[in-house]
Amino acid sequence: MSRRFCLIPQPIHESGVRQLRENGIEPLVGEAACESAPVEDVVAAIYRSGQFSRTRMVQLPNLRAIAVHGVGIDGIDLPGANELGIAVFNTPGANNRSVAEHAIALMFALTKRIPESDRAVREGNFSFRFEGGLRELLGARLGVIGFGAIGQLTAKLALGMGMQVQILSRRSEEELAALGLQKAHSLESLLATSDVVSLHAPSLPETQHMIGAEQLKTMKPSAFLINTSRGALVDEAALITALQTGQIAGAGLDVFAVEPLPASSPLTQLSNVILTPHAAASAEQALMRMASAAVSGVLDILDDRAPASLINPQIWETRRR
């Protein structure tokens, strides 16, 4: 093989592109470049989002590494990668701070009505400040669902702002209390007693639509829902109804059932929801860390070293070489 190429359908930080070139691998950035790739020379791929099917893997006979730029691997056909001996890894930890800060930012934007205030000023409606409806987060109760690294950091930031924080977790009351946190004994009790609910659970069969019509009815009419995790966690149709009817006060969403979010979605017409384009992990520092981790893992695999975050270690001894 005279050349080695790495598919990068969605752009990564330029520092990662440069790192690939410095190590003799030519990056193919963008969907068009990837579609025109010389298939025999593709040895790696770095995916930020979208689907990587077994069919696509078969088309790339020398593909050895698939790097997930982030944590979620639901877009990768893992059984297909296992069958073909392709190593798959992700970049855990690189975007924790960025996502946690984004969740907090959505809380502020909702409770301070920032988008509405901005529109009011631009439209010459300075009397918007007399309408009310702005809130402080001090003393408000945050319910965190999913207590992995991002959930933990979100809870820590919320505590620092003076919020009360309760967690839905297998951890004991004593362990959580030592961190200044309360333990929620059920999803229903957390939803019923939280002023803000923030989702940080992984997308699994058992978590799909964990927030549906019945759960939304359990929440306070004054409560907000934040989702920076996965769109599959929420029944989007039920959420739209809850927002339209005032069952909950509002929502801050960075992820959706279908991405990109269709322009025709009713969510785009609601004033009590803030939408961001799956950008919670896209702070400059996080992008640099994820690009570096992805490229370093690719280089490890090509040099026959297993990366620390290998998703399918069972295929390592029989992997493609």
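This is a short talk on the strands, helices and one pocket of the structure above.

Hi everyone, thanks for coming. Please keep in mind that we are looking at a predicted model.

Let's start with the sheet of 7 strands. This sheet is open, its pairing is parallel, and the order reads S8-S7-S6-S9-S10-S11-S12. Which strands sit at the edges? Those are S8, residues 182-183, and S12, residues 273-275, and each of them pairs on one side only.

Moving inward, S6 covers residues 141-145 and S7 covers residues 164-168, and 5 bridges link these two in the parallel sense. If you want a register mark, arginine 141 has glutamine 164 in S7 as its bridge partner.

Now for the helices. H5, residues 96-111, lies across S6, S9, S10, S11 and S12, and runs at about 150° to S10. H11, residues 236-245, lies across S10, S11 and S12, at about 140° to S11.

Next, the second largest pocket, with a volume of about 280 Å³. Its lining includes Ile145, Gly146 and Phe147, along with Leu168, Ser169 and Arg170. Ala201, Pro202 and Met210 are also among the lining residues. Sorted by class, the lining has 7 nonpolar, 3 polar and 2 charged residues.

Finally, let's go back towards the N terminus, to S1, residues 5-8. Are its side chains buried or exposed? Phe5 and Leu7 on one side, and Cys6 and Ile8 on the other, are all buried, so both faces of S1 are covered. In a regular strand, side chains alternate between the two faces of the sheet. S1 runs parallel to S2, residues 26-29, and 4 bridges join them. There, phenylalanine 5 stands opposite glutamate 26.

Thanks, and over to you!

Methods: Residues are numbered from 1 along each chain as its sequence is written. This is a predicted model: local features need pLDDT of at least 70, side-chain atom pairs count only at pLDDT 80 or more; totals for chains, interfaces and linings use all residues. Side-chain values use heavy atoms; hydrogens and water are left out. Two strands pair if DSSP finds at least two bridges between them. Helices (H or I, at least four residues) and strands (E, at least two) are DSSP runs, numbered from the N terminus. Contact means heavy atoms within 4.5 Å. Axes are lines fitted to C-alpha atoms, for helices over the stretch in contact, and angles run from 0 to 180 degrees between N-to-C directions. On a 1 Å grid over the protein atoms alone, a cavity is a set of points where a 1.4 Å probe fits but cannot get out, and a pocket is an open set with protein on both sides within 12 Å along at least five of seven lines; lining residues have an atom within 4 Å of a point. Grid points are joined across faces, edges and corners, and a volume is the space filled by probe spheres set on the points. Ala, Val, Leu, Ile, Met, Phe, Trp, Tyr, Cys and Pro count as nonpolar, Asp, Glu, Lys and Arg as charged, and the others, Gly among them, as polar. Buried means under 20% relative accessible area, exposed over 50%, partly exposed in between (1.4 Å probe, protein chains only).
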